[in-house]
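Grab a pencil and work through these exercises with the model open beside you. Try each task before you read its solution.

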Amino acid sequence: MNALLDKLTFDANGLIPAIAQQHDTGEVLMMAWMNRDSIEETLKTGQVCYWSRSRRKLWRKGESSGQEQRLVELRLDCDGDTLLLLVDQKGVACHTGRRNCFFLAWRGGELVEIAKPLVDPEQLYKYAPPST
């Protein structure tokens, strides 16, 4: 794991951008930030973990919504300053209830909504993880 971490270039805040892509379709799902701890946890557990800049803590994708991402493969770009996570997305990836976070497109000189929510966002965060 250190061989990978040593190849990465983190920003001044210790973060690196990570793009999540559905492994079997190529659909780009979202972009988020990772730090060393979130990368280590993701590699150890197989469940994708990000760094939440707003909450200032680790954010395990799906922990409050049930919409988990399981890591299939982690790739880094040629400069080592961006990650590509090939994932298996359970449910929707976006907190707005859409499959992915890229649902607005600039078309014909205006911003157009190209995807409707698949899940009511209010319902996403009523998820209760299974008790162990």
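## Exercise 1: Charged partners

Keep in mind that this is a predicted model. Let's start with one residue: E63 has a relative accessible area of 33%, so it counts as partly exposed.

**Task.** Find out which residue forms a salt bridge with E63, and which residues are joined with it into one network.

**Solution.**
- Step 1: Look for the partner of E63. That's R60, and the closest N and O atoms of the two are 4.0 Å apart.
- Step 2: Check how accessible R60 is. Its relative accessible area is 29%, so R60 is partly exposed.
- Step 3: Now look at a second salt bridge, in which the side chains of R98 and E113 meet at 3.2 Å, N to O. R98 sits in the loop between β6 and β7, while E113 belongs to strand β8 (residues 110-113), so this pair links distant parts of the chain, 15 residues apart.
- Step 4: Compare the accessibility of these two. R98 is buried because its relative accessible area is 9% and the cut-off is under 20%. E113, at 36%, is partly exposed.
- Step 5: Return to the network. E41, R60 and E63 are joined into one by salt bridges that share partners.

## Exercise 2: A longer reach

**Task.** Say where in the chain R99 and E27 are, and decide whether R99 is buried or exposed, or something in between.

**Solution.**
- Step 1: Locate the pair. R99 lies in the loop between β6 and β7 (104-107), and E27 lies in the loop between β1 and β2. They are 72 residues apart, so the pair links distant parts of the chain.
- Step 2: See how they meet. Their side chains form a salt bridge of 3.1 Å, N to O.
- Step 3: Read off the accessibility. R99 comes to 24% and E27 to 23%. Buried needs under 20% and exposed needs over 50%, so both of them count as partly exposed.
- Step 4: Add up the picture. The count of salt bridges comes to 7.

## Exercise 3: Into the core

**Task.** Name the residues that touch the most other members of the largest nonpolar core, and work out which element gives the most to it.

**Solution.**
- Step 1: This core holds 19 residues, and the ones that touch the most other members are L8, M30, M34, I39, Y50, L83 and L85.
- Step 2: Look at who supplies the core. At least two residues each come from α1 (2-5), β1 (16-22), β2 (28-34) and β6 (83-89). The most come from β2, with 4 residues.
- Step 3: Zoom in on L83. Beyond its neighbours within four places in sequence, L83 is in contact with several residues, including L8, I16, M34, I39 and L74.
- Step 4: Put it in context. In soluble globular proteins, nonpolar side chains tend to be buried together.

## Exercise 4: Rings

**Task.** Find out which residues form the aromatic pair, and how their planes are set.

**Solution.**
- Step 1: Count first. The structure holds 1 aromatic pair.
- Step 2: Its partners are Y50 and W59, with 5.1 Å centre to centre and 40° between the planes. That angle is neither under 30 degrees nor over 60, so the pair is tilted.
- Step 3: Check Y50 for burial. Its relative accessible area is 0%, so Y50 is buried.
- Step 4: Look at another ring, that of F103. The charged end of R98 sits over it, 3.8 Å from its centre.
- Step 5: Finish with W33, which lies in strand β2. Neighbours within four places aside, its contacts include D11, L15, Y50 and W51.

## Exercise 5: The whole chain

**Task.** Work out how many helices and strands there are, and in what order the elements run.

**Solution.**
- Step 1: The protein chain has 3 helices and 8 strands.
- Step 2: From the N terminus on, they run α-β-β-α-β-β-β-β-β-β-α.
- Step 3: Judge how compact the chain is. Its radius of gyration is 15 Å, close to the 14 Å that the globule rule gives for 132 residues, so the chain is as compact as a globular protein of that length.
- Step 4: Turn to burial and contacts. Buried residues make up 38% of the 132 residues. Among contacts between residues at least 6 apart in sequence, 45% join residues at least 24 apart.

Methods
Residues numbered from 1 in each chain as written. Predicted model: local features only at pLDDT ≥ 70, side-chain atom pairs only at ≥ 80, totals over all residues. Heavy atoms only, no water. Core = buried A, V, L, I, M, F, W, Y, C linked by side-chain atoms within 4.5 Å. Buried < 20%, exposed > 50% of the residue type's maximum accessible area, 1.4 Å probe, protein only. Contact = heavy atoms within 4.5 Å. Phe/Tyr/Trp six-rings, centres within 6.5 Å; stacked < 30°, edge-to-face > 60°. Lys NZ or Arg CZ within 6 Å of the ring centre and 35° of its normal. Rg over C-alpha atoms; globule rule 2.2 N^0.38 Å.
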